[in-house]
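Q: Could you walk me through how to read a hairpin and then a chain-to-chain interface?

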Amino acid sequence: MKLTVNGTEHTLDVEPEMPLLWVLRDELKITGPKYGCGIAQCGACTVHVDGSAVRSCSITVGDVDGDVTTIEGLGTPDSLHAVQAAWVAHQVAQCGYCQSGQIMQAASFLDLNSEPTDEDIDNAMSANLCRCGTYPRIREAVKTAAKTLNEA
Amino acid sequence: MKIKAIIAAVLLSTSVVQAEEINLEVPQNVTLEQGLEAWARMYEVVSHPRCSNCHVGESDRPMWSGPSYGKARPHGMNIRAGESRIGVETLECATCHVGSTSDQPHTPPGVDGDWRLAPVEAAWFGRGSLEICGQLRNPETNGGLSFQEIAGHLGHDVVLQFAWKPGGGREPAPYSLEEHASDVLMWGAAGMPCPTE
């Protein structure tokens with residue numbers, strides 16, 4: 001089975017029923033996407049498939065139809081994605097466990113909705129849980145990222 | 001603009017995946033009584049949580065109701081399907097409802113097609129037999145479909161077929177896809193009668 005992750009094609013020897021998150025973390029050692037709940041209720045495992053946010057714990061690798069991007073492939077330390085830069089600017093992370101999922105969700109959301117209202121942001125991000133309660137900073141960072149992307 | 005392109009792609013794609021063969025032969029000499037009996041069975045299906053939870057009318061919030069959910073309540077996590085009915089304005093339904101349905105409890109079900117709410121005019125949740133029957137036979141509220149086309153769309157719209165194989169310990173809709181399509185045809189052949197007639 002072939003799977004392209006962050007621009008690199010991998011050949012996998014796994015069962016097609018294996019969740020994508022297991023493939024990323026255990027087979028490919030790409031550990032940015034986190035295991036939280038395992039049932040798509042927390043958002044910590046969020047990655048992109050062809051640019052759309054997907055909970056990688058709840059899609060089997062056999063059902064993946066497109067190229068996968070994880071937090072490792074969204075930007076680089078020298079060239080951060082606008083959402084990552086906004087996260088740094090607002091010092092969003094506290095413990096950080098949920099943050100790669102939050103950032104991937106926000107990046108996908110802003111790709112679809114470049115001028116979100118506060119309500120849009122809350123609705124888009126409310127399925128990504130943060131036990132540290134960084135939600136006010138998440139909302140501000142998403143607004144900053146939207147502004148950056150619109151000025152680019 | 002991107003949102004509109006995605007909605008257009010979804011509308012174009014929903015009728016082509018994993019079609020299931022169902023018999024669309026219209027029965028002959030169906031009596032009014034038989035038609036009403038067919039409707040009664042159809043109502044059991046359309047009012048079942050596997051169907052009605054996503055037929056929420058003007059609301060853009062899917063429902064969680066049925067034996068495995070306890071008290072009926074809106075979908076957790078403040079999910080909004082938006083005007084697109086697929087959540088593309090905020091959080092796409094397909095972020096979680098993607099790929100095949102797992103048999104593990106509490107996991108999000110998926111189909112090989114686009115997970116979405118029913119159109120606004122197909123409002124069923126919490127409504128009675130007479131009201132839904134009237135909606136289903138009115139071209140203005142049934143998508144302009146004949147009864148044969150209603151039966152036909154059961155065969156090719158895979159998100160509807162989920163109702164009979166929901167996985168995850170969820171209760172399936174009553175009867176079967178084939179029996180439901182057969183009842184639609186029988187009800188139609190009888191003149192689409194509703195209970196007061």
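A: Happily, starting with the hairpin: in this predicted model, S1(B) and S2(B) form one, with 3 residues between them. Strands here are DSSP runs of E with at least two residues, and helices are runs of H or I with at least four, numbered from the N terminus.

Q: In which sense do strand S1 and strand S2 of chain B pair, and over how many bridges?
A: Two strands pair if DSSP finds at least two bridges between them. Here S1 (residues 63-66) and S2 (residues 70-74) of chain B pair in the antiparallel sense, over 3 bridges. Within this pairing, B:Trp64 stands opposite B:Arg73.

Q: How many residues of chain A and chain B are in contact?
A: Contact means heavy atoms within 4.5 Å. By that rule, 22 residues of chain A touch 23 of chain B.

Q: What area do chain A and chain B bury between them?
A: Buried area is the accessible area (1.4 Å probe) that two parts lose on being put together, summed over both. For chain A and chain B the value is about 1,900 Å², with 56% on carbon and sulfur atoms. On the chain A side, A:Ile39, A:Leu112 and A:Asn123 lose the most area to chain B, together 31% of what that side buries.

Q: Which elements of chain A give two or more residues to the side that touches chain B?
A: They are strand S4 (52-55), helix H4 (99-112) and helix H5 (118-125) of chain A.

Q: Any notes on conventions?
A: Residues are numbered from 1 along each chain as written, and chains are lettered from A in the order written. Local features need pLDDT of at least 70, side-chain atom pairs count only at pLDDT 80 or more, totals for chains, interfaces and linings use all residues, and side-chain values use heavy atoms, without hydrogens and water.
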